[in-house]
Amino acid sequence: MMRYKEEKEVKKEAFRKYLESSGVLDSLTKVLVSLYEQNDKPSSALEFTQQKLGGPSVSEYEKLQAEKCDLQIKYNELFAKHQETLRELGEVKNLHSRNSSKDDADEPETREDQPTTLVTPQH
């Protein structure tokens, strides 16, 4: 039983050192001191703390959420249009390749990989 308490204390101390070395304790202390020094305490201590730590206010957060939603809708519309354009491009390519193969069938077959023989005129 004693060993368990010692391990728990060691873990707590390691975590405290981690919070201290990463600057979390200092930041939280500054925010709490700032809150304590407020003559008119804010209606939401949590929102005050979030703002002091650099987070958006509730209204800013809601505005960002609405903007994100609008952008997601716009993205979905543009993506659907992009997919449609790709489909149309595929159809045009297929049509072009079908027409090209018809044209090739009408003309005598010439092969580009066959060597061309140059005839030199004799003097």
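Is Glu20 buried, exposed or partly exposed, and what is its relative accessible area? Glu20 is partly exposed, with a relative accessible area of 47%. The legends below come back to this residue and then move on to other close-ups of the model, which is a predicted one.

**Figure 1. The whole chain, built from helices.** Start with the overview: the protein chain has four helices and zero strands. Going along the sequence, the pattern reads α-α-α-α. Not much is tucked away here, with buried residues making up 6% of the 123 residues in the protein chain. Two of those buried residues, Val31 and Ser57, get a view further down.

**Figure 2. Arg16 and Glu20 on helix H1.** Here is Glu20 again, with its side chain meeting that of Arg16 in a salt bridge at 2.6 Å, N to O. Both residues sit in helix H1, four residues apart, or about one turn of the helix. Arg16 is partly exposed, at a relative accessible area of 36%, and Glu20 is partly exposed too, at 47%.

**Figure 3. Arg3 and Glu7, also on helix H1.** Helix H1 covers residues 2-21, and Arg3 and Glu7 are about one helical turn from each other because they are four residues apart in it. Their side chains form a salt bridge with an N to O distance of 3.7 Å. How do the two ends of this bridge differ in accessibility? Arg3 counts as exposed, at 61% relative accessibility, while Glu7 counts as partly exposed, at 41%.

**Figure 4. Asp26 and Lys30 on helix H2, plus a network to look for.** In this view the side chains of Asp26 and Lys30 meet in a salt bridge, 3.4 Å from N to O. Both belong to helix H2 and are four residues apart, about one turn of the helix. Asp26 counts as partly exposed at 43% relative accessibility, and Lys30 counts as exposed at 56%. Elsewhere, salt bridges that share partners tie Glu13, Arg16 and Glu20 into one network. Counting salt bridges with a 4 Å limit between a side-chain nitrogen of Lys or Arg and a carboxyl oxygen of Asp or Glu, the total comes to seven.

**Figure 5. Where helix H2 packs on helix H3.** Two packed helices are described by the angle between their axes and the distance between the axes. For H2 (residues 24-37) and H3 (residues 45-52), the angle is about 130° and the axes are 10 Å apart. That angle makes H2 oblique to H3. As for handedness, H2 passes H3 in a right-handed crossing. Which residues make the contact? From H2 come Val31, Ser34 and Leu35, and they meet Ala45, Phe48, Thr49 and Lys52 from H3. By type, the residues of this contact split into four nonpolar, two polar and one charged.

**Figure 6. Val31, zoomed in.** Val31 is found in helix H2 and counts as buried, at 5% relative accessibility. Why does that value earn the label? Buried means under 20% relative accessible area, so Val31, at 5%, is in that class. Ignoring residues up to four places away in sequence, Val31 touches Phe48, Thr49, Lys52 and Leu53. For a backbone yardstick, take Val31 and Gln51: they are 20 residues apart in sequence and 9.5 Å apart in space, C-alpha to C-alpha.

**Figure 7. Lys52, seen from the H3 side of the contact.** Lys52 has its place in helix H3. This lysine is partly exposed, with a relative accessible area of 47%. Its contacts, leaving aside neighbours within four places in sequence, are Val31 and Ser34. Lys52 and Ser34 are 18 residues apart in sequence, and their C-alpha atoms are 8.8 Å apart in space.

**Figure 8. Ser57, in the loop after H3.** The last close-up goes to the loop between H3 and helix H4 (58-106), where Ser57 lies. Is Ser57 buried or exposed? Ser57 is buried, with a relative accessible area of 7%. Setting aside neighbours within four places in sequence, Ser57 is in contact with Glu47 and Gln51.

Notes:
Residues numbered from 1 in each chain as written. Predicted model: local features only at pLDDT ≥ 70, side-chain atom pairs only at ≥ 80, totals over all residues. Heavy atoms only, no water. Axes fitted to C-alpha atoms, helices over the stretch in contact; angles between N-to-C directions. Helix = DSSP H or I, 4+ residues; strand = E, 2+ residues; numbered from the N terminus. Parallel < 35°, antiparallel > 145°, perpendicular 65-115°, else oblique. Left-handed = near helix turned anticlockwise from the far one by under 90°. Contact = heavy atoms within 4.5 Å. Nonpolar A, V, L, I, M, F, W, Y, C, P; charged D, E, K, R; others polar. Buried < 20%, exposed > 50% of the residue type's maximum accessible area, 1.4 Å probe, protein only.
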